[in-house]
Amino acid sequence: MRSFSADHRHLFETDFGLCEIGWTDAGISDFRLPTDDPDMDRSRMMRQSSQPPRFIVESTRAVRNYFAGIRTDFADVPVDLSGLGDFERDILLATRRIGWGDVSSYGVLARELTGDVGVSRAVGQALGRNPVPLIIPCHRVLAADGAIGGFSAPGGTVTKLRMLEIEGALAKSPVLAQRSFGF
């Protein structure tokens with residue numbers, strides 16, 4: 001995942017582990033899911049900013065609720081995507097409309113935005129560079145056959161499956177359910 005600039009940073013605990021959020025005056029510009037690396041977590045703690053503004057406090061509360069299994073909507077959370085090109089920004093904004101427990105595919109997003117399912121790979125690459133995973137729910141985008149697809153956040157597809165499980169999306173897809181059980 002690409003590193004984005006953030007004027008300020010805040011780390012906070014969730015039921016999933018330690019998350020990091022970065023922001024500018026325009027909104028959240030960087031979000032990091034938990035790692036399994038204690039040294040990295042210690043390094044992240046040293047970058048922490050002072051008291052976060054209200055929209056960050058509210059956003060961290062929403063993230064905590066999400067990882068506690070409480071239905072959460074991040075649609076109104078301000079994000080700063082100014083460091084992205086138009087295509088990437090359009091993909092991420094379209095992905096943002098995929099609701100809790102719902103899934104889509106790279107091809108559906110490609111067709112919706114360009115009319116050409118042939119740009120599915122470019123859609124996947126744009127999602128792989130999502131600077132604010134979870135807040136822009138790229139974990140809800142799957143391969144055309146319903147398979148899990150990729151996930152560039154820490155933990156890779158295991159993390160993606162855990163997040164989809166929190167939302168109950170695994171029950172809606174036999175392919176995902178089989179994958180979660182190792183079939």
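# Asking why about helices and loops

Guide: Let's start with Leu134, found in the loop between α5 and β5. Those labels come from DSSP runs numbered from the N terminus: helices are H or I runs of at least four residues, and strands are E runs of at least two. Before you ask, this is a predicted model, in which local features need pLDDT of at least 70 and side-chain atom pairs count only at pLDDT 80 or more, while totals for chains, interfaces and linings use all residues. Residues are numbered from 1 along each chain as its sequence is written, and side-chain values use heavy atoms, leaving out hydrogens and water.

Visitor: Okay, why is Leu134 called buried?

Guide: Its relative accessible area is 1%. Buried means under 20%, exposed means over 50%, and partly exposed is in between, with a 1.4 Å probe and protein chains only. So Leu134, at 1%, counts as buried.

Visitor: What is special about the phi of Leu134?

Guide: Phi there is near 80°, which is a positive value in a residue other than glycine. Gly115, just after α4, also has a positive phi, about 80°.

Visitor: What makes Gly85 partly exposed?

Guide: Gly85 is in the loop between α2 and α3. Its relative accessibility is 35%, so it falls between the two cut-offs and counts as partly exposed. In space, Gly85 and Ala126 are 9.8 Å apart, C-alpha to C-alpha, with their positions 41 residues apart in sequence.

Visitor: How do you know that the buried residues of α5 line one face?

Guide: Helix α5 spans residues 120-128, and Ser120, Val123, Ala126 and Leu127 are buried in it. Looking down the axis, these residues fall within an arc of 115°, so they line one face of the helix. That arc is taken from the directions that run from the helix axis to the C-beta atoms. Here's the general idea: an α-helix has 3.6 residues a turn, so residues three or four places apart point the same way.

Visitor: What covers the buried residues of α5?

Guide: The cover includes α3 (86-95), α4 (106-114) and β5 (141-142). It is judged by contact, which means heavy atoms within 4.5 Å.

Visitor: Why is α3 described as roughly perpendicular to α5?

Guide: The two helices pack at an angle of about 80°, with axes 9 Å apart. Angles from 65 to 115 degrees count as roughly perpendicular, under 35 as roughly parallel, over 145 as roughly antiparallel and the rest as oblique. So, at about 80°, α3 is roughly perpendicular to α5. The axes are lines fitted to C-alpha atoms, for helices over the stretch in contact, and the angles run from 0 to 180 degrees between N-to-C directions. On the α3 side, Phe87, Glu88, Ile91, Leu92 and Thr95 meet Ala122, Val123, Ala126 and Leu127 of α5.

Visitor: What makes α4 roughly perpendicular to α5?

Guide: Their angle is about 105° and their axes are 8 Å apart. That angle is within the 65 to 115 range, so α4 is roughly perpendicular to α5. Tyr106, Gly107, Leu109 and Ala110 of α4 make the contact with Ser120, Val123, Gly124 and Leu127 of α5.

Visitor: How do you know which side of α4 holds its buried residues?

Guide: Tyr106, Gly107, Leu109 and Ala110 are buried in α4. They cover an arc of only 160° around the axis, so they are on the same side of α4. They pack against α3, β4 (104-105), α5, β5 and α6 (156-166).

Visitor: And why are the buried residues of α3 said to line one face?

Guide: In α3, the buried ones are Glu88, Ile91, Leu92, Ala94 and Thr95. Down the axis of α3, they fall within an arc of 160°, so they line one face. Their cover includes α4, α5 and β5.

Visitor: Why does Ala62 count as buried?

Guide: Ala62, in helix α2 (residues 54-67), has 14% relative accessibility, so it is under the limit and counts as buried. Leaving aside residues up to four places away in sequence, Ala62 touches Thr72 and Phe74.

Visitor: How many disulfides are there?

Guide: The structure holds 0 disulfides, a disulfide being a pair of cysteine sulfur atoms within 2.5 Å. Cys19 is buried at 0% relative accessible area, and Cys138 counts as buried at 8%.

Visitor: How many helices and strands does the protein have?

Guide: There are 7 helices and 5 strands. Buried residues make up 48% of the 183 residues.
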